[in-house]
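Biologist: Thanks for sitting down with me over this one. Could you show me the model, and then we can talk it through together?

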Amino acid sequence: MPDSLNRRDFLRVGAAGLAAGLAADALTQDAAPLRLAVIGTGGRGTGLLQVALSFGNVAVPALCDINEGNLNRAIGIVRNARGNEPVGYSAGPVDYRRMLQRDDIDAVLVATPMQLHGRMCIDSLGAGKHTLSEVAAAVTLDECWGLVRAEKESGKVYMLSENCCYYQQNMAVLNAAQAGVFGDFTYAECGYVHDCRSLAFHGDGTLTWRGELGRDYTGNVYPTHSLGPVAQWLGINRGDRFVSLVASATPQRSLERYAAQRFGADSPQAKIRFALGDSSTTLIRTAKGAVIDLRFDMYSARPHPSTTYFTLQGVTASYQDTGRQHEIWVEGRTPKYEWEPFAPYATEYEHALWKEHGQEAAQSGHGGADYFVIQQFIEAVVAGRPSPIPAADAAAWSSIIPLSAASIRAGGAPQEVPDFTEGKWRA
Ligand SMILES: NC(=O)c1ccc[n+]([C@@H]2O[C@H](COP(=O)([O-])OP(=O)(O)OC[C@H]3O[C@@H](n4cnc5c(N)ncnc54)[C@H](O)[C@@H]3O)[C@@H](O)[C@H]2O)c1
């Protein structure tokens with residue numbers, strides 16, 4: 001964003017803008033528009049673009065996608081919503097860099113296949129754009145550090161678009177955790193268990209990016225939906241941090257079986273060897289001694305009421321979200337030594353963001369969480385607030401991808417998790 005816009009908004013919103021609400025109002029009233037571009041206008045990029053367009057004060061001057069059909073669909077969405085024709089960039093895999101040279105773009109949403117996020121976001125920050133990245137942030141440790149450096153050097157907002165952190169329930173647990181209901185944390189269990197076998201192949205049998213991910217990577221390749229909320233509950237990078245992990249994985253069975261069933265036992269698809277096992281577990285230890293049991297399973301045949309589940313254990317309370325039920329037990333409060341429904345606590349500890357914006361949020365996807373990633377990003381940019389999920393968090397959560405793979409390759413050997421805050425976690 002040009003400095004003039006930052007200054008103007010800062011002066012207008014002023015110190016009072018730090019109160020919740022004023023900065024959000026600034027988005028829909030007479031502030032200069034936030035000029036947003038998108039790289040990757042597939043399913044997710046288009047969905048978040050539509051949420052962004054629901055804010056009156058967002059303009060979209062340019063869009064980029066190598067798939068012209070997807071690009072034109074998104075151009076049409078902007079035309080219908082705003083009446084202008086965004087400039088499209090589709091001339092090959094690095095054409096996004098040409099778009100990043102434009103000086104009429106303040107911010108960029110990156111919603112391409114996740115193998116590309118790290119490089120594209122580093123480039124976007126390097127070009128002086130505020131950057132919102134879809135999950136995961138990166139797939140290598142070099143990219144994780146690159147994001148931390150690029151955020152620092154650019155002085156721009158970087159945010160990981162981890163919508164699971166904004167689920168109403170998860171934010172209420174965050175509030176309860178921060179209010180001390182759980183006492184010291186000892187253990188958390190969480191997982192992403194989602195049968196994505198059908199998403200590995202296009203209709204013509206070629207691999208989607210998800211299929212390529214399964215062919216080329218091992219370990220937990222999609223950690224942030226489950227780990228992000230837990231990391232926030234435990235205060236990771238704000239008083240505690242991940243220090244090490246060990247991981248173990250099953251062999252690949254179910255996706256290869258699925259390929260043979262869907263395309264035929266003699267088909268080229270049935271001969272593809274996928275590196276990613278059906279299921280993996282990563283045990284992460286924190287500096288304060290808490291343990292997180294993180295499961296990942298994208299291929300097992302298994303119905304799923306919800307793609308994520310969570311447990312949080314402290315010395316004075318225990319919470320579990322099985323995907324079907326949310327329950328809690330609190331020492332000195334729960335009448336019997338039994339689980340009780342979390343619903344009354346969800347009301348008592350409802351997060352301020354949900355109290356204030358719950359109605360608008362309810363219109364958006366993923367239970368309203370998609371509204372908040374866009375609203376929080378825009379608010380950080382316009383009001384000059386710190387990113388709610390900055391590069392150090394995004395890097396710590398995403399570093400589980402290369403580190404879990406390294407542990408699995410080394411027979412479960414422990415791997416150190418770098419301190420991406422460079423000492424600031426002790427705050
Ligand atoms: N937070 C969530 O709930 C959620 C849900 C779905 C997907 N996602 C994330 O969003 C991202 C995109 O997923 P999707 O389901 O939209 O996939 P998709 O395949 O529908 O969209 C990806 C788009 O990126 C484009 N693309 C690929 N390479 C490109 C390049 N070099 N330059 C420009 N465009 C390029 C593709 O053509 C495609 O249109 C993934 O990282 C995924 O993890 C997040």
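**Cavity, domains and local geometry**

Modeller: Happily! Leu34, Leu36, Ala52, Val58, Leu109, Leu132, Ile374, Phe377 and Ile378 form the lining of the largest cavity. Keep in mind that this is a predicted model.

Biologist: Which element gives the most to the lining of the largest cavity?

Modeller: Two elements each give two or more residues to that lining, strand 1 (34-39) and helix 14 (369-383). The top contribution is 3 residues, and it comes from helix 14.

Biologist: And how many charged residues are in the lining of the largest cavity?

Modeller: The names to sort by class include Leu34, Ala52 and Phe377. Sorting the lining gives 9 nonpolar residues and no polar ones, and the charged residues come to none.

Biologist: What volume does the largest cavity have?

Modeller: With a threshold of 30 Å³ or more, the count is 1 cavity. Its volume is about 40 Å³.

Biologist: Let's turn to the domains. What area do domain 1 and domain 2 bury between them?

Modeller: The assignment gives domain 1 (3-162) and domain 2 (165-351 + 390-426), with centres 27 Å apart over C-alpha atoms. In contact are 20 residues of domain 1 and 25 residues of domain 2. Interface size is often quoted as the accessible area lost when the parts come together. Here 72% of the buried area is on carbon and sulfur atoms, and the total is about 2,000 Å².

Biologist: Which three residues supply more than any other three of the area that domain 1 buries against domain 2?

Modeller: Salt bridges do not pick them out, as the rule finds 0 across this interface. By area, the share of the top three is 30%, and they are Met114, Trp145 and Glu162.

Biologist: Where does Thr316 lie?

Modeller: Leaving out residues up to four places away in sequence, Thr316 touches Gly180, Val181, Phe182, Gly183, Trp329, Val330 and Glu331. Asn72, by contrast, is 244 residues away from Thr316 in sequence and 54 Å away in space, C-alpha to C-alpha. As for its place, Thr316 sits in the loop between strand 12 (308-314) and strand 13 (317-321).

Biologist: Is the peptide bond from Val135 to Ala136 cis or trans?

Modeller: Ala136 belongs to the loop between strand 6 (130-133) and helix 7 (141-154). Omega for the bond from Val135 to Ala136 is near -10 degrees, and the bond is cis.

Biologist: One last backbone check: what is phi of His366?

Modeller: His366 is found in the loop between helix 13 (352-361) and helix 14. Its phi is positive, in a residue other than glycine, with a value near 50 degrees.

Conventions:
Residues are numbered from 1 along each chain as its sequence is written. This is a predicted model: local features need pLDDT of at least 70, side-chain atom pairs count only at pLDDT 80 or more; totals for chains, interfaces and linings use all residues. Side-chain values use heavy atoms; hydrogens and water are left out. On a 1 Å grid over the protein atoms alone, a cavity is a set of points where a 1.4 Å probe fits but cannot get out, and a pocket is an open set with protein on both sides within 12 Å along at least five of seven lines; lining residues have an atom within 4 Å of a point. Grid points are joined across faces, edges and corners, and a volume is the space filled by probe spheres set on the points. Helices (H or I, at least four residues) and strands (E, at least two) are DSSP runs, numbered from the N terminus. Ala, Val, Leu, Ile, Met, Phe, Trp, Tyr, Cys and Pro count as nonpolar, Asp, Glu, Lys and Arg as charged, and the others, Gly among them, as polar. Domain bounds come from an automatic or database domain assignment. Contact means heavy atoms within 4.5 Å. Buried area is the accessible area (1.4 Å probe) that two parts lose on being put together, summed over both. A salt bridge is a side-chain nitrogen of Lys or Arg within 4 Å of a carboxyl oxygen of Asp or Glu.
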